[in-house]
Amino acid sequence: MQIISTVGKLAQKLAKAVTARSSSCLKAFAIAISAIAIDAFASSSATAAAVELAKNWQLGLSEPVSPIAKQIFNFHNNILLPISFAICVFVFALGGFICWRFSEKRNKKPSKRTHNLKLEVIWTIIPVIILVILFVPSFKMLRSIDDLSNAAFSVKATGHQWYWSYEYPDHDGFTFDSNLLSGDELKDKSKRLLKTDNALVLPVGQKVRLLITSADVLHSWAVPRFGVKMDAVPGRLNETWVQVDKAGVYYGFCTELCGHGHAYMPVEVHAVSKGEFAVWLRDAKKRFAKNTNKNNFALVVKE
Ligand SMILES: [Cu+2]
């Protein structure tokens, strides 16, 4: 925070000094630097306000809280990232070496060679090996994402323009809407565009089957820390599962551009203990009794 602010202020001073005595081209450049500096300065202040959500200089993915997210994050961090990093380093080094070694200065007579069988075999086989290395764990993961056996119960999420509604078909089929909290309704301003009036509540440690659909256009239900991102398609019931291993409040977004209110339909999930979940269920059944959907597995929920 301190470093970013200091750098931002210094960049602004420099930009002002350059603008005072220079050509129009340099002035434009200085104005651009100034804009970036102000932006960095402003965003560092904004980040400070949302301490719980993000900290300065954070790197990588947020902590995974479901078995699938752990597998995905592990695959990304320990397999995908090192391989792509090594490829980048190799390609840049090779590019640099070629620029240096085969420059006009060092090669007065350019080589006329067009083929090299050994090299062509190598640059075909190595990428194939890399793809096989990536294929095995990623297909194992896809298989476990599709494994819906032994789920304790189902929850249906329906995307609407522009909110989510949730239904508990195995608990009398009560359903409720989850609308964005905005303006005065929001107590903690750092959760702007994240908080809803009715969050989805799930028990910790239980495998829950997620049924995802839409009542109008394409949406997508996603919570990064669960490793879940599933399209909500009208007239179709997509399914996946989640098992939250840690109690807490988790946020996600609609991740399919669905109209002008796309940014205003967040996903808020409260993961609670089994006891708390039972208490919530009892209360929710009463509170949302009039919204109960008798036809539990209807593709489109009547609004
Ligand atoms: Cu959307």
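Is Asn-150 buried or exposed? I looked there first and found Asn-150 exposed, because 8 other C-beta atoms lie within 10 Å; the scale I used calls a residue buried if 20 or more other C-beta atoms lie within 10 Å of its own, exposed if 12 or fewer, and partly exposed in between, with C-beta atoms placed from the backbone.

Before going on, I noted that this is a predicted model, in which local features need pLDDT of at least 70 and side-chain atom pairs count only at pLDDT 80 or more, while totals for chains, interfaces and linings use all residues. Residues are numbered from 1 along each chain as its sequence is written.

**Overall make-up**

I found five helices and ten strands in the chain; helices (H or I, at least four residues) and strands (E, at least two) are DSSP runs, numbered from the N terminus. Of the 303 residues in the chain, 20% are buried. I also looked at contacts, where two residues are in contact if their C-beta atoms, placed from the backbone, lie within 7 Å: among those between residues at least 6 apart in sequence, 66% join residues at least 24 apart.

**The helix pair**

I then turned to helix H3 (residues 67-101) and helix H4 (residues 117-146), which pack at an angle of about 170° with their axes 10 Å apart. The axes are lines fitted to C-alpha atoms, for helices over the stretch in contact, and angles run from 0 to 180 degrees between N-to-C directions. H3 is therefore roughly antiparallel to H4, given that angles under 35 degrees count as roughly parallel, over 145 as roughly antiparallel, 65 to 115 as roughly perpendicular and the rest as oblique. By class, I read ten nonpolar, three polar and no charged residues in the contact of H3 with H4; Ala, Val, Leu, Ile, Met, Phe, Trp, Tyr, Cys and Pro count as nonpolar, Asp, Glu, Lys and Arg as charged, and the others, Gly among them, as polar.

Within this contact I followed Ser-144, which sits in helix H4. Ser-144 is exposed, because 12 other C-beta atoms lie within 10 Å. Leaving aside neighbours within four places in sequence, Ser-144 is in contact with Ile-68 and Gln-71. From Ser-144 to Gln-71 I noted 73 residues in sequence and 9.7 Å in space, C-alpha to C-alpha.

**The sheet with S1, and the core**

Next I traced an open sheet of five strands in the order S3-S2-S1-S5-S8, with mixed pairing; two strands pair if DSSP finds at least two bridges between them. Strand S3 (174-178) and strand S8 (238-242) are the edge strands, each pairing on one side only. Neighbouring strands of this sheet are turned by 25° against each other on average, direction ignored. Strand S5 (residues 208-214) runs antiparallel to S8, and five bridges join them; Leu-210 stands opposite Thr-240 in S8.

I found Leu-210 again in the largest nonpolar core, which has 33 residues, and where Ala-157, Leu-210, Phe-226 and Val-269 have the most contacts inside it. Such a core is a set of buried Ala, Val, Leu, Ile, Met, Phe, Trp, Tyr and Cys residues joined through C-beta atoms within 7 Å. I looked up Ala-157 in strand S1 (residues 153-160); Ala-157 counts as buried because it has 21 C-beta neighbours inside 10 Å. Not counting residues up to four places away in sequence, Ala-157 touches Trp-164, Tyr-166, Leu-210, Ile-212 and Trp-221.

**The other sheet**

I traced another open sheet of five strands, in the order S4-S10-S9-S6-S7, again with mixed pairing. Its edge strands are strand S4 (200-203) and strand S7 (228-232), each of which pairs on one side only. Strand S6 (residues 219-223) and strand S9 (residues 248-254) pair in the antiparallel sense over two bridges, and the bridge partner of Trp-221 in S9 is Cys-254. Helix H5 (residues 274-287) lies across S4 and strand S10 (267-272), running at about 140° to S4.

**Backbone notes**

Most residues other than glycine have a negative phi, and most peptide bonds are trans. I therefore checked the exceptions, beginning with the peptide bond from Gln-161 to Trp-162, which is cis with omega near 0°; Trp-162 lies in the loop between S1 and S2. Phi of Asn-150 is near 60°, a positive value in a residue other than glycine, and Asn-150 lies in the loop between H4 and S1. Phi of Asp-172 is likewise positive, near 70°; I placed Asp-172 in the loop between S2 and S3 and found it partly exposed, with 15 other C-beta atoms within 10 Å.
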